[in-house]
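Reader: I would like to go through this model feature by feature. Please give the general idea each time, then the case at hand.

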Amino acid sequence: MTAGLARADLLRIAFLGQIGVSLFFWLQYVGVQLTNAGISSILTIGMTPLMTAVVAAWWLGERFRGSYALAFVLGFGGTAIVATQRGAGLQFGFSRDFAIGAAA
């Protein structure tokens, strides 16, 4: 037993950590395959803090402040603009594979 954690808790943490990391990288590789490395990295870096705030509010019960909501809207909006661009400039368009890759 380590610092108040039971052995079963440590096994759950290790299992969930392995599943979480594996799922994260699998989805990232699918995204790179269906979009490109630039879009995938922008979505990964752009969405991680946003999803962390949502999960913290939903799962841990942390307060979701108004400033968080504003940051979420701005961050999600910026990420969506980058994800929907095709080529130079603001040429919006989707293909089915590109949309699946951006969502992954």
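Reader: Let us start with burial. What percentage of the residues of the protein count as buried?

Author: Burial is judged by relative accessible area, and under 20% counts as buried. In this predicted model, 16% of the 104 residues of the protein meet that description. The protein exposes about 7600 Å², and 71% of that area is supplied by carbon and sulfur atoms.

Reader: How many helices and strands does the secondary structure come to?

Author: There are four helices and zero strands. Along the sequence the pattern reads α-α-α-α. As for contacts between residues at least 6 apart in sequence, 44% of them join residues at least 24 apart.

Reader: Where is confidence lowest, and where is it highest?

Author: Begin with the overall figure: the mean pLDDT of the protein is 75, with 74% of residues at 70 or more. Helix α4, residues 96-103, has the lowest confidence, at a mean of 67. The highest is in helix α1, residues 7-34, at 82.

Reader: Now the aromatic rings. How many aromatic pairs does a search of the whole structure find?

Author: The search finds two. One of them joins Phe25 and Tyr29, with ring centres 6.2 Å apart and 35° between the planes. This pair is classed as tilted because its angle is neither under 30 degrees, as for stacked rings, nor over 60, as for edge-to-face ones.

Reader: Why are Phe25 and Tyr29 separated by about one helical turn?

Author: Both belong to helix α1, and they are four residues apart there, so about one helical turn separates them. Phe25 is partly exposed, at 36% relative accessibility. Tyr29 has a relative accessible area of 55% and is therefore exposed, the cut-off being over 50%.

Reader: Which residues form the other aromatic pair?

Author: Trp58 and Trp59 do, and this pair is tilted as well, at 6.3 Å centre to centre and 50° between the planes. Trp58 and Trp59 are both exposed.

Reader: Which residues form a nonpolar patch on the surface?

Author: A patch is read as a group of residues with its joint accessible area. Here the group is Val21, Phe24, Phe25 and Tyr29, with about 400 Å² of accessible area together. Phe25 and Tyr29 thus appear again, having already been described as an aromatic pair.

Reader: Where does Val21 lie? Is Val21 buried, partly exposed or exposed?

Author: Val21 lies in helix α1. With a relative accessible area of 47%, Val21 counts as partly exposed, because that value falls between the 20% and 50% limits.

Methods:
Residues are numbered from 1 along each chain as its sequence is written. This is a predicted model: local features need pLDDT of at least 70, side-chain atom pairs count only at pLDDT 80 or more; totals for chains, interfaces and linings use all residues. Side-chain values use heavy atoms; hydrogens and water are left out. pLDDT is the predictor's confidence in each residue, from 0 to 100. Helices (H or I, at least four residues) and strands (E, at least two) are DSSP runs, numbered from the N terminus. Rings of Phe, Tyr and Trp (its six-membered ring) pair if their centres lie within 6.5 Å; planes under 30 degrees apart count as stacked, over 60 as edge-to-face and the rest as tilted. Buried means under 20% relative accessible area, exposed over 50%, partly exposed in between (1.4 Å probe, protein chains only). Contact means heavy atoms within 4.5 Å. Accessible areas come from the Shrake-Rupley method with a 1.4 Å probe; for residues, only the protein chains shown count as cover. Patches are made of residues with over 30% relative accessible area and no salt bridge: like charges are joined within 9 Å, nonpolar side chains (Val, Leu, Ile, Met, Phe, Trp, Tyr) within 5 Å. A salt bridge is a side-chain nitrogen of Lys or Arg within 4 Å of a carboxyl oxygen of Asp or Glu.
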